[in-house]
Amino acid sequence: MKLCTLYLGRMEFLRLQLIACQDETELVTSPTPAFLISHPELGLILYDTGNSPFYGTEYTQFIRETYPVVEFISIEDALAKKGFKPSDVDMIILSHLHFDHAGGLKYFRGTRAIKNVVISEADLKNAYYSIATGNSGAYIKSLFDFEDICFKPISETTQLAPDLTLFLQESHTPGVIGLLLNTQSHGNLILTSDTVYLQESFEKRLPPGGGINKTTDEFFQNLDKIRQMQEEHNATLIYGHDYQQLMDWVLKGWVE
Ligand SMILES: [Zn+2]
C-alpha cells in the first residue's frame with residue numbers, strides 16, 4: 001500500500017483547546033489533514049475530508065469563533081494535486097463527524113465513495129443525538145446529512161486488509177476511528193486522529209484543556225491503549241492536529 005498525507009489548510013485558536021497549558025492566551029496552529037491510501041486490493045481510500053468550503057456561513061457562530069479557519073484547501077484541490085478526482089475514490093473512512101473531518105464530504109456527492117462512508121457506529125449515533133438535542137458542538141448536520149449518503153458503521157476493530165486495520169477509540173467522541181497501517185518503508189503507523197492531538201499530548205500525557213472532554217478519564221484510558229498498541233506493533237504515531245509533524249509527513253509525499 002501507499003500512504004500520502006494531504007494538507008487541507010489550518011485553523012488558529014487557543015492552544016488550551018488542544019493541550020492543557022499554563023498560558024490561557026497562547027495560540028496554536030492546527031492543521032487540517034486528510035490521508036490518501038492507495039491499496040492494491042481495496043483501491044483508493046480517503047481518511048477524512050477536511051473543512052467545508054462554506055466554513056464562513058455553514059459553520060455555527062460557536063465554531064467560527066472557537067476554531068477559526070485561516071487557510072482553506074479543498075479536498076478536491078488536494079486530490080487534484082495528486083492526480084485524482086473525487087470520483088476516483090472507492091471508500092471514505094471518517095475518523096469522526098466533526099466539522100473539520102466531515103466538511104469535505106459534499107465534494108463526493110454523486111460518486112461511489114459517498115455510498116461507502118465508513119464511520120464508527122457510536123460517533124454516528126452521537127452526532128445525530130447531539131444535533132437533535134440542541135448540543136451540536138462540533139457537529140454540523142448539513143455537512144453529512146445527505147439523501148444519497150450511505151454510511152457503513154463499524155462497532156469493533158475491523159481489518160480491511162492484512163496491512164490496514166481500523167480500531168475504535170472512546171475518547172474525544174464516543175467512537176473515533178484510528179488506523180493501523182503497515183508500510184514497507186516506515187513500518188507500522190498508527191493514526192490517532194483527534195484522541196491525541198499533538199506529539200506533546202502523548203509524550204507528556206497532557207489532555208486537552210478546553211471543554212471537549214467531559215472528564216479526562218477517557219483521554220488517559222485511550223492513551224494507555226494507544227501506548228500498548230504502539231509497543232505491540234513497534235509503530236510510529238501520527239497525531240490529529242500536530243502542525244510540525246503533519247508538515248513533515250506532507251513533505252514525504254507518497255510513502256510505500
Ligand atoms: Zn474532533
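**Exercises: the zinc site and strand E6**

The zinc ion is coordinated by His-96 (NE2), His-98 (ND1), His-172 (NE2) and Asp-194 (OD), at 2.1 to 2.5 Å. The model is predicted, so local features need pLDDT of at least 70 and side-chain atom pairs pLDDT 80 or more, while totals for chains, interfaces and linings use all residues. Residues are numbered from 1 along each chain as its sequence is written, and side-chain values use heavy atoms, without hydrogens and water.

**Exercise 1.** Classify the geometry of the zinc site and place its donor residues in the chain.

*Solution.*
1. Donors are N, O and S atoms within 2.8 Å of the metal (3.2 Å for Na, K and Ca); water is not among the atoms, so sites may look incomplete.
2. The angles among the 4 donor atoms run from 91 to 172 degrees. Four donors are tetrahedral if all angles lie between 85 and 135 degrees, and square planar if opposite donors are over 155 degrees apart and all others between 65 and 115; anything else is irregular. The zinc site is irregular.
3. The donor spacing is H-x1-H-x73-H-x21-D. His-98, in the loop between E5 (91-93) and H4 (99-102), and His-172, in the loop between E9 (164-171) and E10 (173-183), are 74 residues apart.
4. His-98 and His-172 are buried (under 20% relative accessible area, 1.4 Å probe, protein chains only).

**Exercise 2.** Describe the surroundings of strand E6 (residues 117-120).

*Solution.*
1. Val-117 and Ile-119 on one side, and Val-118 and Ser-120 on the other, are all buried.
2. E6 pairs in the parallel sense with E5 over 2 bridges; Val-117 is the bridge partner of Ile-92.
3. E6 also runs parallel to E7 (residues 151-154), joined by 4 bridges, with Val-118 opposite Lys-152.

Notes. Four donors count as tetrahedral if all angles lie between 85 and 135 degrees; four count as square planar and six as octahedral if opposite donors are over 155 degrees apart and all others between 65 and 115; anything else is irregular. Buried means under 20% relative accessible area, exposed over 50%, partly exposed in between (1.4 Å probe, protein chains only). Two strands pair if DSSP finds at least two bridges between them.
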